[in-house]
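Welcome, and take a moment to look over the sequence and the model below. We will walk through them together, step by step.

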Amino acid sequence: MSNIKTLASCIFCKIVKGEIPSFKLMETDSILAFMDIGPIARGHCLVIPKYHAEKLADLPEDQMADILPALAKIAKAAGNEDYNILQNNGRPAHQQVDHVHFHYIPKPSADDKEGLGVGWPAQNLSMDEIKKIYEEVKGKLE
Ligand code: AMP
Ligand code: ZN
């Protein structure tokens, strides 16, 4: 766990340090995968960086490399045909645990009985409005 920042009061850091139990699925030097104990579908699990960062943009790039491969490995092994990968940042965006985490959520059927339900409030923006926003974002990336 060299280079790994942890926060004593964080529940996921406690899982990383083995201070509270988890149903551990996978581990590398930089990530941990374990079952979600409040699942919205059978097989719902989480992949987290061991490094404590509140939101994705706070996570150092060198702590990111194992996350997507772990999610893909879980998806292949679990064998669910349909699933969502979800990563929430901030309370309005449904983040409850302030340690970066990626949800793997099987979607066994199209109804809302199990798995993720997604609201998709399409904003009906004109191409001019999209272009203006594009220029703002692109400018910030440069
Ligand atoms: P989010 O709303 O994206 O912050 O999701 C946090 C997730 O962490 C929820 O799905 C919780 O059920 C899950 N969770 C909270 N505490 C634990 C824990 N001790 N072990 C496993 N999962 C947890
Ligand atoms: Zn943490």
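Let us begin at L141, which counts as exposed because its relative accessibility is 72%. Here exposed means over 50% relative accessible area, buried means under 20%, and partly exposed is in between, with a 1.4 Å probe and protein chains only as cover. L141 sits in helix α3, which spans residues 127-141. Together with L125, M127, I130, I133 and V137, L141 makes a nonpolar surface patch of about 600 Å². Such a patch is built from residues with over 30% relative accessible area and no salt bridge, where nonpolar side chains (Val, Leu, Ile, Met, Phe, Trp, Tyr) are joined within 5 Å and like charges within 9 Å. The areas themselves come from the Shrake-Rupley method with a 1.4 Å probe, and for residues only the protein chains shown count as cover.

Before going further, a word on what you are looking at. This is a predicted model, in which local features need pLDDT of at least 70 and side-chain atom pairs count only at pLDDT 80 or more, while totals for chains, interfaces and linings use all residues. Residues are numbered from 1 along each chain as its sequence is written, chains are lettered from A and ligands numbered from 1 in the order in which they are written, and side-chain values use heavy atoms, leaving out hydrogens and water.

Now step back to the whole. The protein has 3 helices and 5 strands, and from the N terminus on they follow the order α-β-β-β-α-β-β-α. These elements are DSSP runs numbered from the N terminus: helices are H or I with at least four residues, and strands are E with at least two. Along the principal axes, the C-alpha atoms fill a box of roughly 50 × 40 × 25 Å. Of the 142 residues in the protein, 33% are buried.

Early in the chain you will find a hairpin, in which 3 residues join β1 to β2. The two strands, β1 at residues 24-27 and β2 at residues 31-35, run antiparallel and are joined by 3 bridges. Strands are said to pair if DSSP finds at least two bridges between them. One of the partnerships to look for is E27 with L32 in β2.

Next, find ligand 1. Which residues are closest to ligand 1? Of the 16 residues that surround it, the closest are D36, H94, Q96, H101 and H103; a residue is near a molecule if one of its heavy atoms lies within 4 Å of it. Several polar contacts, pairs of N or O atoms within 3.5 Å (within protein, one must be able to donate a hydrogen and the other to accept it, and residues adjacent in sequence count only if both atoms are side-chain atoms), can be traced here. An N or O atom in the side chain of H103 is 2.8 Å from an oxygen atom of ligand 1, and a polar side-chain atom of N88 lies 2.9 Å from an oxygen atom of the ligand. From the backbone, a polar atom of G38 is 3.3 Å from a ligand oxygen. Taken alone, ligand 1 exposes 510 Å², and the protein buries 83% of that.

H94 deserves a second look. H94 lies in the loop between β4 and β5, and its phi is near 75°, a positive value in a residue other than glycine. With 61% relative accessibility, H94 counts as exposed. N124, in the loop between β5 and α3, also has a positive phi, about 50°, although it is not a glycine. N124 is exposed too, at 78% relative accessible area.

Finally, turn to the charged side chains. Side chains of opposite charge can pair when their charged atoms come close. The structure holds 9 salt bridges, each a side-chain nitrogen of Lys or Arg within 4 Å of a carboxyl oxygen of Asp or Glu. In α3, K132 and E136 are 4 residues apart, about one turn of the helix, and they form a salt bridge with the closest N and O atoms 3.7 Å apart. K132 is exposed at 54%, whereas E136 is partly exposed at 43%. The side chains of K138 and E142 also meet in a salt bridge, 3.0 Å from N to O. Elsewhere, salt bridges that share partners join K24, E27 and K50 into one network.
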